[in-house]
Amino acid sequence: MNAEQGLRESYWIETAPGGAPAPPPAGDLDVDVAVVGGGMAGLSAAWELVRRGREVAVLEAGRIAGGVTGHTTAKLTALHTLVYDHLRRTRGREGARLYARSQSAAIHRAAEIVTDLGIDCDWEEAAACTYAQNEQDVEKMRAEAEAAREAGLPAEFVTETELPYPVAGAVRVTGQAQFHPVKYLLGLADELCRRGGTVYEGTRVTGLTEGKPCVLSTDTGVKVRAREVVVATHYPVFDRALLFTRLSPRRELVVAGTLDADRAPRDMYITTEENTRSVRSAPYADGTRLLVVTGEHFAPGTADVEERFDRLAAWADSRFPGLTLTHRWATQDNDSTDSVPLVGHLHPGSRHTYVATGFGGWGLSGGIMAGQLIGDLVEGRAVEWAGLYDPRRLVSVVREGGSLLTHQAHVAKHFVGDRLPSVTSPSPEDLAPGDGAVLRVGGHRCAVHRDDSGQLHAVSARCTHLGCLVAFNRAEQAWECPCHGSRFAPDGRILQGPAVRPLEKRDI
C-alpha cells in the first residue's frame, strides 16, 4: 500500500514478536466454548473463561491481533470523546455511571494482566483528553467534564495542554493507559494456551447451528461442537438479531512518524473537529518517540483515500514540525446507533451464543470489558451493567432514531441505487495500473482491477454478505462494501467481514 511513499504499514504488527501461524484444527473438535475471532474482545473472553476452568478454542480467520486490534491507535481509556453528556441525556445518570464503571474496570483488568503475566507491551499510564479549538465548542467540553465527573471519572475542564498548539478547552481524565496492543494480545494468547486453551489461525468460520451443543462450520470443512459460542468478529458474521440495522461501519486513517522525545506529547488527545484528530505517542528508539495521528473517518468505499491520507499527513506535519513520517495504515470501526456497544446474548432466543460488537472506535477498553461481561454471563453470574450493553435491548426513537434512519438511508442508497442501470460505463482499457472500477462486461457488473504489471483481474462486483456493489480503494488496493464494511483483495479474497465467502472470479 505504501510503496510509493516509502512508508510501512501498521507499526504494531511490524514490531510484534514473530512466529509461525498456529495451524487450523486437523479434525472435528468438541470444546466447552468456541470463540470466533482472535482480536481484543475474542481473546479477552477466551482468557476469562480459560482461567475459570473452561476448555476453550479460539478460531481466527487470519492471524491473532492481525485485524482491527493490530491497526488501532492503542489508547486504553474510559473517556470516549463526548459520550458521557450524551449518555446522561439518553440513558440517565445511572447509565452514564455504569458505562464509566465498566470501562474503568476494563483498564484495571488489563493492568492486572500485564503485571501478573509479566507482558512486555510498552505499558504507560497517561491522561486522556478530549479537546476543542473552536470557542463555540467550549460549552460541550464543560458539559462533558461535568457528566464524566458525575459518572465517577476523575475528570476536569482545562484550557491548557502539552500540545504544541492552543486549545479553547478540554476534558482531562487521569489514570488511563496506552500500550502496544499486539504484544499484549500475543502475551495473553501464550498464557491462554499454557493453561489449556487452544488457538487456531487461518480458520474462517462460515456457519453456525445453535443447539446443545452448537455446531460451527469452517472453510476447511472441520466442524466445531461447543456448549457455548462467542462471536467476536468485530462485525458479526452471524446476524440472527439483525444487528446490521444498528451498526454503521467507518474507516479511519492513521499516519505515524518519529519525533524528538522531548517534543512528543505523553498524554492522549482527541477532537471531533476537522473530521476527527487523535494524537498519542509511543516509545521508539534513539531518543525519539513515535507520534500516532488518526482521523479522516469515512464510510468504506465512499472516499478518495489517497487524498485523505495526504490531508492527515499535512495536518500532522503542520502541528508537529520536524515529524518524520515512517508508517501509515487504516482501521475500521463499527458505531452502534445509540453509541453503546452490543455485548451479550446474540439474539432474543439465544441461550448459548454471545456477541461483542459496536465499540465505536474504543475497542480496546470495550473488548476487555466484553471479555469480562461474557465470561460472567457464561458462568451465570449477575453483572450490574449487563442490561446497558445487552444486544437485545429495544430500539429507542429518543436514543437512536436519527442515527438509525441515517444509517438505513445510506444502506438503502447503495442497495437500491446499485441496482439501477448506470448512464455510462468505462471499459477495461480505461483502467491505469493500480486502478479498479465496477464495469459492465457482457451485460454484467464486474469488479475489474489492473495490477502494476498491466494485467486485468475481474471478480463479481456484488458483496457476498447482502449483495451491495463494492467500490475500489486505490490507496489500500481493496474492494470495499459501503453497506456493511466487508473488504476484499483485488482477486476476491476476504480481507474483512462480515462476508464469509470471497468474491467469485469473472472471465472478461
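**Cysteines**

I began with Cys193 in this predicted model, and found its sulfur 18 Å from the closest cysteine sulfur, that of Cys121, which is too far for a bond. I noted Cys193 as partly exposed, since its relative accessibility is 36%. Next I looked at Cys463, which takes part in no disulfide, although the sulfur of Cys481, the nearest from a cysteine, is 4.0 Å away. That separation does not meet the cut-off of 2.5 Å for a disulfide, and Cys463 itself is buried, with a relative accessible area of 4%.

How many disulfides does the model then contain? I counted one disulfide by this rule, and it is formed by Cys468 and Cys483, with 2.1 Å between their sulfur atoms. The torsion about the S-S bond is -90 degrees, and I recorded the link of Cys468 and Cys483 as left-handed. I placed Cys468 in the loop between S20 and strand S21 (471-473), and Cys483 in the loop between strand S22 (478-480) and strand S23 (487-488), so the pair ties together parts that are 15 residues apart in sequence. I checked accessibility here as well, and both Cys468 and Cys483 are buried.

**The sheet S18-S19-S20**

I then turned to an open sheet of three strands, in the order S18-S19-S20, where the pairing is antiparallel. Strand S18 (436-441) and strand S20 (456-460) are at the edges with a single partner strand each, and so one side of each has no neighbour in the sheet. Averaged over neighbouring strands and with direction ignored, the turn of one against another is 35 degrees. For S18 and strand S19 (residues 444-450) I found six bridges in the antiparallel sense, and on following the register I saw that Gly436 stands opposite His449 in S19.

**Helices H2 and H8**

My next entry concerns helix H2 (residues 40-50) and helix H8 (residues 363-378), whose axes come within 7 Å and cross at roughly 35 degrees. I noted the crossing of H2 and H8 as right-handed. On the H2 side the contact involves Met40, Ala41, Ser44, Ala45, Glu48 and Leu49, and these meet residues of H8 including Gly363, Gly367, Gly371 and Gly375, as well as Leu364, Ile368 and Val378. Sorted by class, the residues of this contact between H2 and H8 are seven nonpolar, six polar and one charged.

**Backbone exceptions**

I kept the backbone for last, with the reminder that most residues other than glycine have a negative phi, and most peptide bonds are trans.

Which residues other than glycine did I record with a positive phi? One of them is Asp122, with phi near 55 degrees, in the loop between helix H4 (92-117) and strand S4 (124-132); Asp122 is partly exposed, at a relative accessible area of 24%. Another is Thr276, with phi near 75 degrees, which I located in the loop between strand S12 (268-271) and strand S13 (277-283). Thr276 counts as buried because its relative accessibility is 12%.

I also looked up two cis peptide bonds: the one from Lys212 to Pro213 has omega near 5 degrees, and the one that joins Gly497 and Pro498 has omega of about 25 degrees. Pro213 sits in the loop between strand S8 (205-209) and strand S9 (214-218), whereas Pro498 belongs to the segment after strand S24 (494-496).

Notes:
Residues numbered from 1 in each chain as written. Predicted model: local features only at pLDDT ≥ 70, side-chain atom pairs only at ≥ 80, totals over all residues. Heavy atoms only, no water. Axes fitted to C-alpha atoms, helices over the stretch in contact; angles between N-to-C directions. Helix = DSSP H or I, 4+ residues; strand = E, 2+ residues; numbered from the N terminus. Left-handed = near helix turned anticlockwise from the far one by under 90°. Contact = heavy atoms within 4.5 Å. Nonpolar A, V, L, I, M, F, W, Y, C, P; charged D, E, K, R; others polar. Buried < 20%, exposed > 50% of the residue type's maximum accessible area, 1.4 Å probe, protein only. Pairing = 2+ DSSP bridges.
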